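Visitor: I would like to go through this structure with you step by step, with the reasoning made explicit.

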Amino acid sequence: MRFVIVGYGRVGSRTATILAEEGHDLVVVDNDVDRTDRAAEDGFETVLGDGADEETLLEAGIDEADAIGAFTPDLNVNFAACMVGKHHGCRTVLRIDEDYREDIYEKYAEDVDEIIYPERLGAAGAKTAMLGGDFNVVADLATNLQLTVLEIGADSPAVGKRVSELDLPASARVYAHGRERESLTIPLPGTELEAGDEVALIVETDHAEEVRSALAAST
């Protein structure tokens, strides 16, 4: 498959590396010459220019790409890039920061195929989203990380808290949530947890028990 990656920062560079390791073709677009130089040194085809500009994206081959991942810190640039990609029939993956309000999230979510939070999914999740996968990112995780699914017990300290309010170790990220007997989906920061809910987390192995104590029922 062929991809256009807009933004060669932390998320963009790692996503590009994972995609390339799996044999996919990609072009990196960035408006910073230092970052395009770094991408070129890493072996990627590059285009120096504004990722929100259609002519720049056409130079990058957006009209022949399977998907575009817009991973800059600028939400407006990311959204504009995705809209160009959508116009050319690409799958669109938009980076959005975790601290945006729910109504902002919903506004953008209506127009793109997938939204990723770098704080939660990281490059492995971004890669999976671009491939149209189901967020089973275990194979791309480092050996010191684990994926775990926990049920929120009735006496859990997490009951009544929003996802963004959970007292978790810095190394832990919630990447999916589901109500009792419902499928897991990517939660909004404002999603309020209830007894019986399930949450899927990526956590450093050393902090797994700490996470269980923060979310599961006390004993």
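Guide: Before we look at a helix length, one rule is needed: the expected span of a helix is 1.5 Å times one less than its number of residues. Please keep in mind throughout that this is a predicted model.

Visitor: What span should helix α4 have, and how far apart are its end C-alpha atoms?

Guide: Helix α4 covers residues 75–87, which makes 13 residues. At 1.5 Å a residue, the expected span of α4 is therefore 18 Å, and this agrees with the separation of its end C-alpha atoms, which is 18 Å.

Visitor: Which residues of α4 are buried?

Guide: The word buried is used here for a relative accessible area under 20%. As background, an α-helix has 3.6 residues a turn, so residues three or four places apart point the same way. In α4 the buried residues are Leu-75, Val-77, Asn-78, Ala-81, Cys-82, Val-84 and Gly-85.

Visitor: Which residue offers a side-chain oxygen at the start of α4, and which residue follows the helix with a positive phi?

Guide: At the start of α4, the backbone nitrogen of Asn-76 has a side-chain oxygen within 2.9 Å, and that oxygen belongs to Asp-74. After α4 comes a residue whose phi is positive, near 80°, and this residue is Gly-89.

Visitor: Which residue caps the N-terminal end of helix α2, and at what distance?

Guide: Helix α2 spans residues 33–41, and the backbone nitrogen concerned is that of Asp-34. Beyond the helix, α2 is followed by Gly-43, with a positive phi near 95°. The cap at the N-terminal end is provided by a side-chain oxygen of Asp-32, at 2.8 Å.

Visitor: Is Thr-56 buried or exposed, and is Glu-55 buried or exposed?

Guide: Thr-56 is found in helix α3, residues 54–59, and Glu-55 is found in α3 as well. Leaving aside residues up to four places away in sequence, Thr-56 touches Val-29, Val-47, Gly-49 and Asp-50. With a relative accessibility of 10%, Thr-56 counts as buried, whereas Glu-55, with a relative accessible area of 57%, is exposed.

Visitor: How far apart in space are Glu-55 and Val-84?

Guide: In sequence, Glu-55 and Val-84 are separated by 29 residues. Val-84 is among the buried residues of α4. From C-alpha to C-alpha, the distance between Glu-55 and Val-84 is 9.7 Å.

Visitor: Which residues does Cys-90 touch?

Guide: Cys-90 lies in the loop between α4 and β5 (91–95), and its relative accessibility of 6% is under the 20% limit, so Cys-90 counts as buried. Its C-alpha is 9.6 Å from that of Val-4, although the two are 86 residues apart in sequence. Not counting residues up to four places away in sequence, Cys-90 touches Ile-62, Ala-65, Asp-66, Ala-67, Ile-68, Gly-85 and Asp-113.

Visitor: Which residue has its backbone nitrogen 3.3 Å from a polar side-chain atom of His-24?

Guide: His-24 sits in the loop between α1 and β2, and at 17% relative accessibility His-24 counts as buried. The backbone nitrogen that lies 3.3 Å from a polar atom of the His-24 side chain is that of Met-1.

Visitor: Which side chain is joined to that of His-207 by a polar contact?

Guide: His-207 is in the loop between β9 (198–204) and α7 (208–215), and its relative accessible area of 27% makes His-207 partly exposed. Not counting residues up to four places away in sequence, His-207 touches Pro-169 and Ser-171. The polar contact, of 3.2 Å, joins the side chain of His-207 to that of Glu-210.

Visitor: Which residues lie nearest the centre of the second largest pocket?

Guide: This pocket has a volume of about 240 Å³, and its lining divides into seven nonpolar, six polar and six charged residues. Two elements, α1 (10–21) and β2 (25–30), each supply at least two residues of the lining. Of the 19 lining residues, those nearest the centre are Gly-7, Asp-30, Arg-35, Thr-72 and Pro-73.

Visitor: Finally, what percentage of the residues in the protein chain is buried?

Guide: The protein chain contains seven helices and nine strands. Among its contacts with a separation of 6 or more, 59% are between residues 24 or more positions apart. Of the 219 residues in the chain, the buried share is 48%.

Methods. Residues numbered from 1 in each chain as written. Predicted model: local features only at pLDDT ≥ 70, side-chain atom pairs only at ≥ 80, totals over all residues. Heavy atoms only, no water. 1 Å grid on protein atoms, 1.4 Å probe; cavity = no way out; pocket = protein on both sides within 12 Å on 5 of 7 lines; lining within 4 Å. Points joined across faces, edges and corners; volume = space filled by probe spheres on them. Helix = DSSP H or I, 4+ residues; strand = E, 2+ residues; numbered from the N terminus. Nonpolar A, V, L, I, M, F, W, Y, C, P; charged D, E, K, R; others polar. Buried < 20%, exposed > 50% of the residue type's maximum accessible area, 1.4 Å probe, protein only. Polar contact = N/O pair within 3.5 Å; in protein donor to acceptor, adjacent residues only side chain to side chain. Contact = heavy atoms within 4.5 Å.
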